Amino acid sequence: MFKNVIVRVPSKHISEGITSAHEGKPDYKKALQQHENYVSALTKTGVNVTVLAPEDDFPDSCFVEDVALCTSKCAIVTRPGALSRRKEAALPDMIEALNKFYDHVEYIEDPGTVEAGDIMMVGDHFYIGHSARTNEAGGKQMIAILEKYGLSGQMVEMKEMLHLKTGLAYLENNNLLTAGEFKTAPEFEKFNKIGIEMDEAYGANCIWVNGYVLVPAGYPKVQKKIEDLGYKVIVVDTSEYRKIDGGLSCLSLRF
Ligand code: CIR
């Protein structure tokens, strides 16, 4: 069960966020409204939500998932691979919030790069995508830190997706949503895989929170598959975040 969630209100320069999508620029006011709805949905699952103030100089700073890994034992502040995002990990209010919740806060160091959107937690084990943003040195540092606390990790090679969790979502009870290159990856054979079709691939970025699953609006096939598994579904519109490659998991730290 998760008790806490940290989010950050989007920057008024969110339209300048890094993107590979060709869907236009996010509308700031709409993004703010969607963010409020996201916080309301999370609150419904019983977690306490810490809302950090916007950091206008960092267009992608609402995607807090990338700047820290929050485990049951420690928090690990990352070192983002995207240069425009690197300093997001050192923002004082985030460090302060992590120190409030954790006795142990660790840091990824140069030459390592990690964005925690590349890390999927399954119990005490962590799958770490070796992506354009997370390098081998970063992955090795992360695994060494996890092992120090009795946790474990392994790296997963990836080629197509931005982050590991762009195409994977662990819904607990061995259920794993898989899209694109992860549908056939050998690392995930032991899970009950729920394959997401290409036309709804963005919908694979769901989050499990205390028995609920938050699903992005506009992905009816994904929604039905999750409902059929018996989860309580909350649909949340993320259209403005999708325009800059972001989704439901990217917008929060859950622990
Ligand atoms: C980026 O490219 O870094 C942002 N525009 C999107 C980050 C999405 N984060 C995530 O998948 N964890």
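Mentor: We start with a definition: two residues are in contact when heavy atoms of theirs lie within 4.5 Å. By that rule, and leaving out residues up to four places away in sequence, Asn210 touches Met1, Phe2, Thr45 and Val47. The model is predicted, so local features need pLDDT of at least 70 and side-chain atom pairs count only at pLDDT 80 or more, while totals for chains, interfaces and linings use all residues. Numbering starts from 1 along each chain as its sequence is written, and side-chain values use heavy atoms, with hydrogens and water left out.

Trainee: Why is Asn210 called buried or exposed?

Mentor: Buried means under 20% relative accessible area, exposed means over 50%, and partly exposed lies in between (1.4 Å probe, protein chains only). Asn210 has 10% relative accessibility, so Asn210 counts as buried.

Trainee: Where does Asn210 lie, and what is notable about its phi?

Mentor: Asn210 lies in the loop between strand 12 (207-209) and strand 13 (212-216); strands here are DSSP runs of E, at least two residues, numbered from the N terminus. Its phi is positive, about 55°, although Asn210 is not a glycine.

Trainee: Which backbone atoms does the side chain of Asn210 reach?

Mentor: A polar contact is a pair of N or O atoms within 3.5 Å; within protein, one must be able to donate a hydrogen and the other to accept it, and residues adjacent in sequence count only if both atoms are side-chain atoms. The side chain of Asn210 reaches the backbone nitrogen of Phe2 at 2.7 Å and the backbone oxygen of Thr45 at 3.2 Å.

Trainee: Asn174 also has a positive phi without being a glycine. What makes Asn174 buried, partly exposed or exposed?

Mentor: The phi of Asn174 is about 70°, and the residue is found in the loop between strand 9 (168-170) and strand 10 (175-179). Its relative accessibility is 32%, so Asn174 counts as partly exposed.

Trainee: How do you know whether the peptide bond from Asp110 to Pro111 is cis or trans?

Mentor: From omega, which is near 10°; the bond is cis. Pro111 is found in the loop between strand 5 (105-107) and strand 6 (119-122).

Trainee: Why is Asp66 called buried or exposed?

Mentor: Its relative accessible area is 3%, so Asp66 is buried. Its place is in the loop between strand 2 (48-52) and strand 3 (68-70).

Trainee: What does the side chain of Asp66 reach?

Mentor: A polar contact of 2.8 Å joins it to the side chain of Arg85. The side chain of Asp66 also reaches the backbone nitrogen of Gly117 at 3.0 Å. Beyond four places in sequence, the residues that Asp66 touches include Thr78, Val114 and His163.

Trainee: Which residues are around the ligand?

Mentor: A residue qualifies if one of its heavy atoms lies within 4 Å of the molecule. Asp66 is among them, together with Ile18, Asp60, Phe63, Glu65, Arg85, Gly117, Arg133, His163, Ile244, Asp245 and Cys250.

Trainee: What polar atoms of the ligand do Asp60, Arg85 and His163 face?

Mentor: A polar side-chain atom of Asp60 lies 2.8 Å from a ligand nitrogen atom. For Arg85, an N or O atom of the side chain is 2.9 Å from an oxygen atom of the ligand. A polar side-chain atom of His163 lies 2.8 Å from an oxygen atom of the ligand. Taken alone the ligand exposes 350 Å², and the protein buries 99% of that; such areas come from the Shrake-Rupley method with a 1.4 Å probe.

Trainee: What makes Leu69 in strand 3 buried or exposed?

Mentor: Leu69 has a relative accessible area of 7%, so Leu69 is buried. Its contacts, leaving aside neighbours within four places in sequence, include Ala116, Ile119, Phe126 and Met142. Leu69 and Ile119 are 50 residues apart along the chain, and their C-alpha atoms are separated by 7.8 Å.

Trainee: And why is Met120, found in strand 6, called buried or exposed?

Mentor: At 2% relative accessibility, Met120 counts as buried. Among the residues that Met120 touches beyond four places in sequence are Phe126, Leu164, Tyr170 and Phe188. The C-alpha atoms of Met120 and Ile143, 23 residues apart along the chain, are separated by 13 Å.

Terms used. Helices (H or I, at least four residues) and strands (E, at least two) are DSSP runs, numbered from the N terminus.
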